[in-house]
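Work through the exercises below with the sequence and the structure at hand. Each task is followed by a solution in steps.

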Amino acid sequence: MSDQTPDSAPQFLTVGEGEAARQIAMLVRPAQAGNGAPALVWLSGYRSDMSGTKAVELDGLAAELGLACIRLDYSGHGLSGGNFGEGTISRWLEEALAVIRHVAPDRVILVGSSMGGWIALRLAQELARQGGVTLPKLAGMVLIAPAPDFTSELIEPNLKAKERKSLAERGYFEERSQYSPEPNIYTRALIEDGRKNRVLDGIIETGCPVHILQGMKDADVPHAHAMKLVEHLPADDVVLTFVRDGDHRLSRPGDIALLLSAVKGIIRSSTNRQMPA
């Protein structure tokens, strides 16, 4: 399905004040009139943006079903302003929350990929903590190769001596990326801020159904990490789907079909929960 619709021109929202202000790009597809289903919110991974395959396919599903769909680029990503090197989980969480508050849907389904899964889980906590008239209710979550706490769980324990030295002396270290000719850059600020945003240090209560999709050949986020996340969601209705030959991206046609099926399942469950008993 083509994404080139009249509502596909990006809008920009200023987040932060003074020197911290940055222009955040977002693509907002409005719901068809009378469609009361939750809005879909796409949350990208580290160094990914809202024009990736999974994000575009999710928007296509929204168009097909008449749903609202909200996509954004974090600062330093895609069409947004801001310096990537200044990015932290707290900063990108603030931007996602600001966009959701600006668009102001009644209910949302968060769809987060990799680091976007971590931001989705933090958003769930913030929506519960800050709830009220200015923020929507959380109707469900679909997490694709979620990487909560990846800085403290997956990066810090595996740092080599030269990477620790680079962090100490330069404030960052570089790592070769298999997805881009440019290396991944991990800053001391990102790692230190990650410790403040940990979610795998206690019970996570999202209050909604959660569907996790995880490749078993994921070289970036081991599938044991998804199993650990499930242990921290004891109060929620959680489905964990393993893709035996799936990699980290889960962007093949079969993977996309699984993603869209999972989202449809969450939409159905949210509709059923809205109906009177």
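**Exercise 1. The largest pocket**

Task: Find how the lining of the largest pocket divides by class, then state which residues lie nearest its centre.

Solution. The lining of the largest pocket consists of 15 nonpolar, 14 polar and nine charged residues. The structure is a predicted model, and the values here are computed from it. Next, take the lining as a whole: 38 residues line this pocket, and Y46, S114, Y179, D220 and H248 lie nearest its centre. Then look at the elements: α1 (53-65), α4, β7 (172-175) and β8 (184-187) are those that give two or more residues to the lining. Finally, the space in this pocket comes to about 1100 Å³.

**Exercise 2. The second largest pocket**

Task: Describe the second largest pocket by its volume, its lining and the elements that supply the lining.

Solution. Start with the volume, which is about 200 Å³. The lining has 15 residues, and D106, G132, L135, P136 and K137 lie nearest the centre. By class, nine of the lining residues are nonpolar, four polar and two charged. At least two lining residues come from each of α3 and β6. The largest share, three residues, is that of α3.

**Exercise 3. The nonpolar cores**

Task: Name the residues with the most contacts inside the largest nonpolar core, and follow one of them, F150, to its partners.

Solution. The general background is that nonpolar side chains tend to be buried together in soluble globular proteins. In this model the largest nonpolar core has 55 residues, and L43, L110, I119, L123, M141 and F150 have the most contacts inside it. Helix α3 gives the most to this core, with eight residues. For F150, set aside the neighbours within four places in sequence; its contacts are then Y46, M115, W118, I155, Y186 and L190. A second core, separate from the largest, has 23 residues, including L67, I144, L259 and A262.

**Exercise 4. Two helices with a buried side**

Task: For α5 (residues 161-170) and α7 (residues 223-231), list the buried residues and explain why they lie on one side of the helix.

Solution. Take α5, where the buried residues are E163, S166 and L167. Seen down the axis of α5, these residues fall within an arc of 100 degrees, so they line one face of the helix. The face turned away from that side carries the exposed residues A161, K162, K165, A168 and E169. The cover over the buried residues includes β7, β8 and α6 (188-196). After α5 comes G171, with a positive phi near 85 degrees.

Now take α7, where H225, A226 and L229 are buried. They cover an arc of only 100 degrees around the axis, and therefore sit on the same side of α7. These buried residues pack against α3 (115-130), β6 (137-144), α4 (150-155), β9 (210-215) and β10 (238-243).

**Exercise 5. Two loop glycines**

Task: Decide whether G16 and G34 are buried, partly exposed or exposed.

Solution. G16 lies in the loop between β1 (11-15) and β2 (22-29). Its relative accessibility is 27%, so G16 counts as partly exposed. Not counting residues up to four places away in sequence, G16 touches A21, R22 and E94. G16 and E94 are 78 residues apart in sequence, and their C-alpha atoms are 8.6 Å apart.

G34 lies in the loop between β2 and β3 (39-43). Its relative accessibility is 85%, so G34 counts as exposed. G34 and A168 are 134 residues apart along the chain, with 55 Å between their C-alpha atoms.

Notes:
Residues numbered from 1 in each chain as written. Predicted model: local features only at pLDDT ≥ 70, side-chain atom pairs only at ≥ 80, totals over all residues. Heavy atoms only, no water. Buried < 20%, exposed > 50% of the residue type's maximum accessible area, 1.4 Å probe, protein only. Helix = DSSP H or I, 4+ residues; strand = E, 2+ residues; numbered from the N terminus. Arc of directions from axis to C-beta. Contact = heavy atoms within 4.5 Å. Core = buried A, V, L, I, M, F, W, Y, C linked by side-chain atoms within 4.5 Å. 1 Å grid on protein atoms, 1.4 Å probe; cavity = no way out; pocket = protein on both sides within 12 Å on 5 of 7 lines; lining within 4 Å. Points joined across faces, edges and corners; volume = space filled by probe spheres on them. Nonpolar A, V, L, I, M, F, W, Y, C, P; charged D, E, K, R; others polar.
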